[in-house]
Amino acid sequence: MGGAHVFAVVLVLSLLGPPAQAQWAVFDASNFAENVLQAARAMEQINNQIRSLQNEAAMLETMNRNLRSLDSSSLGQMTTALSRINGLMSQADGIAFTLDATDSAFQRQFPSQYGAAMISDQSLAAAKTRWQSAMSAYRQTMLIQSQVNQNVQADTGLARE
């Protein structure tokens, strides 16, 4: 019974006494260091974004100056040059400029298997068709590349004016 009295006295005194106060503040150094590192990384990302936006603004300003220096006749010349390229591309014989048409033409000219009943005349005709198509594509590629090269040279002359 004596233990129960002691416990009751301690309980009453603890409830009636002043509130307990901590004497030491708890400081977690590793948590603090991690928070500082995260803040530094966030600051670095923000600085990178600022530099990126500054570079983009400078690029847009340069583009604006370059576009202002072009006169309306330059625009007409560029439009004419692009029209010539478009005309060359539409003249392409046997060359498709859409993905589906190109894939279909390729499958037709270069099948994965030839039939066993294919005779030598058919094989020769298929090879001739492939050769003509390759020659046409090569010629058209060279014509378009030449026109693009001429346009670049002309545009370089416009930029210097």
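These legends accompany an overview and several close-up views of a predicted model.

**Figure 1. The whole chain is helical in its regular secondary structure, with 5 helices and 0 strands.** Following the sequence from start to end, you will meet the pattern α-α-α-α-α. The protein chain has 161 residues, and 9% of them count as buried. Its accessible surface comes to about 13,800 Å², with 61% of that belonging to carbon and sulfur atoms. Among contacts with a separation of 6 or more, 74% join residues that sit 24 or more positions apart.

**Figure 2. Confidence varies along the predicted chain, from its lowest in helix H1 to its highest in H2.** Helix H1 covers residues 2-16 and has a mean pLDDT of 69, while H2 reaches a mean of 90. For the protein chain as a whole, the mean pLDDT is 76. A value of 70 or more is reached by 71% of the residues. Please keep these values in mind when looking at the close-ups that follow.

**Figure 3. Phe27, Phe32 and Val36 form a nonpolar patch on the surface.** Together, these three residues offer about 330 Å² of accessible area. Phe32 belongs to helix H2, which runs over residues 29-69. Helix H2 is also where the mean confidence of the chain is highest, at 90. Phe32 has a relative accessible area of 48%, so this residue is classed as partly exposed. That value also puts Phe32 over the 30% cut-off that patch residues must pass.

**Figure 4. Ala81 is a buried residue of the predicted model.** You will find Ala81 in helix H3, spanning residues 72-90. Its relative accessibility is 7%, and because buried means under 20%, Ala81 falls in that class. A useful partner to show in this view is Ala154, 73 residues away from Ala81 in sequence. In space, the C-alpha atoms of Ala81 and Ala154 are 9.1 Å apart.

**Figure 5. Ala105 also counts as buried, here within helix H4.** Helix H4 takes in residues 99-109, with Ala105 among them. The relative accessibility of Ala105 is 15%, which is under the 20% limit and therefore counts as buried. Ser133 lies 28 residues from Ala105 along the chain. Between the C-alpha atoms of Ala105 and Ser133, the separation is 9.8 Å.

Methods: Residues are numbered from 1 along each chain as its sequence is written. This is a predicted model: local features need pLDDT of at least 70, side-chain atom pairs count only at pLDDT 80 or more; totals for chains, interfaces and linings use all residues. Side-chain values use heavy atoms; hydrogens and water are left out. Patches are made of residues with over 30% relative accessible area and no salt bridge: like charges are joined within 9 Å, nonpolar side chains (Val, Leu, Ile, Met, Phe, Trp, Tyr) within 5 Å. Accessible areas come from the Shrake-Rupley method with a 1.4 Å probe; for residues, only the protein chains shown count as cover. A salt bridge is a side-chain nitrogen of Lys or Arg within 4 Å of a carboxyl oxygen of Asp or Glu. Helices (H or I, at least four residues) and strands (E, at least two) are DSSP runs, numbered from the N terminus. Buried means under 20% relative accessible area, exposed over 50%, partly exposed in between (1.4 Å probe, protein chains only). Contact means heavy atoms within 4.5 Å. pLDDT is the predictor's confidence in each residue, from 0 to 100.
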